Amino acid sequence: MNHDGEIDIYLGLDVGKGEHHGTALTPAGKKVFDKPMPNSESRLRELFEELQVKHGNVLVVVDQPASMGALPLAVARDTGCRVAYLPGLTMRRIADLYPGESKTDARDAAIIADAARTMPHTLRDLARDDETVAELNMLVGFDDDLAGEVTRIKNRLRGLLTQIHPSLERVLGPRLDHPAVLVLLERHGSPAQLRKAGRRRLVTLLRPKAPRMAERLVADIFDALDEQTVVVPGTEASALIVPSLAASLSAVLDQRKVLATRIEELLEAHPLSQVLTSMPGIGVRTAARILIDVGDGSGFATAGHLAAYAGLAPATRRSGSSIRGEQHSRRGNKQLKRAFYLAAFASLSQPDSRAYYDRKRHEGKHHVAAIVCLARRRIDVLFAMLRDGTFYQPPAPATA
């Protein structure tokens, strides 16, 4: 983060649910404020205005810009203070440089303020007018929670089906995202109920949701039912549990659809939307995550810095002659890393990405390592696109 003007006070806030602890330092490191304060607009406004009157320009720095840190940042902006945030991972690393092992709000606030004073390059700017990104952050966070819930329910369903009828699970388990399968399980939650319903009734039930697949799916279901004649203990209880789980899964999937529509609307309103989605493999959810964590890329000096922040820069291991090599970093922003990874995987249908992936595979890298290499290479391209505001251009074919 670069300071456009001189900063007279560095105010570090360790934010909390009920109260925040604030520590204010001068450029020389003198402490001029060190107190807890309630999480209320009036008290925050009073503090910010008092510091400005007594000392001049104030930089307010937090380690959580969203959730609990949202109100202090909004009030700070409204009172004319500059704002920034210190990423949590950076905060934890910097804390190791300070004496003491205690974990207190006062210590954390002092570290945030001192890091802002002595290491301004570790700070990230927060755009004043980017309300779209703030709303996207909230929606995408909720969508991530729902995605985790989808995985949990699907695993529970597949585990239950495997327990009572493995053959039936092999038919229905991979198709749990399909609305026709969920309708089927909501109505008929056990193998006995499926058999009792009969082929014709099941085809009639499935056809509105899966006109092309209904007859084939019912045939596969009855083939699976014929493979097992014994009744596993607990099968009767599944008639109660499976429909409930299927209904819950259907409801969560519907919620994700509603969120996807709103996320897409917000994304389309952002000027960088078309730049991001022009790159193969980047869809609505991935673009939203990149926009939240990367923005226009101005917070990163180079593409290498962005790759390191996302945890996609290789980490060299070397110690004498006994340890040599490189491995992928386990640090960085895990959500952003996952977004870049999934985007790279989705881009394999594009010839240039596939060629690069195949080259890495021929070099001896396994599938995941090859995808990570592709994701790292795509960061270079994405960084240039954000920097120049240009759309994705496929590489020019190499001349003979």
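Lys334 sits in helix α15, which covers residues 334-346. The model here is a predicted one, and in it Lys334 comes out as exposed, with a relative accessibility of 62%. That clears the mark for calling a residue exposed, because the word is kept for values over 50%. Lys334 also has company: together with Arg92, Arg93 and Arg331, Lys334 forms a positive surface patch. None of these four residues takes part in a salt bridge, because patches are made of residues without one.

Other charged side chains do pair up. How many salt bridges turn up in a search of the whole structure? The count is 21. One of them joins Arg256 and Asp143, with 2.9 Å from N to O. Arg256 belongs to helix α11 (residues 235-269) and Asp143 to helix α5 (residues 131-164), so this contact ties together parts of the chain that lie 113 residues apart in sequence. Is Asp143 buried or exposed? Asp143 is buried, with a relative accessible area of just 2%, and the label fits because buried means under 20%.

A second salt bridge brings the side chains of Asp226 and Arg195 together, this time at 3.3 Å from N to O. Here too the pair links distant parts of the chain: Asp226 is found in helix α10 (residues 214-226) and Arg195 in helix α8 (residues 191-197), with their positions 31 residues apart in the count. As for cover, Asp226 is partly exposed at 47% relative accessibility. Arg195 is partly exposed as well, with a value of 40%. Both get that label because their values fall between the 20% and 50% cut-offs.

What about a salt bridge inside a single helix? Arg289 and Asp293 give an example, their side chains meeting at 3.2 Å from N to O. The two are four residues apart in helix α13 (residues 284-293), so about one helical turn separates them. Arg289 counts as buried, at 7% relative accessibility, and Asp293 is buried too, with a relative accessible area of 14%. Salt bridges can also be chained: by sharing partners, they join Glu41, Arg45 and Asp78 into one network.

Terms used
Residues numbered from 1 in each chain as written. Predicted model: local features only at pLDDT ≥ 70, side-chain atom pairs only at ≥ 80, totals over all residues. Heavy atoms only, no water. Buried < 20%, exposed > 50% of the residue type's maximum accessible area, 1.4 Å probe, protein only. Patch = residues over 30% accessible without salt bridge, like charges linked within 9 Å, V, L, I, M, F, W, Y side chains within 5 Å. Areas by Shrake-Rupley, 256 points an atom, 1.4 Å probe, with all protein chains shown as cover. Lys, Arg positive; Asp, Glu negative; His and termini not counted. Charge placed at Lys NZ, Arg CZ, Asp CG, Glu CD.
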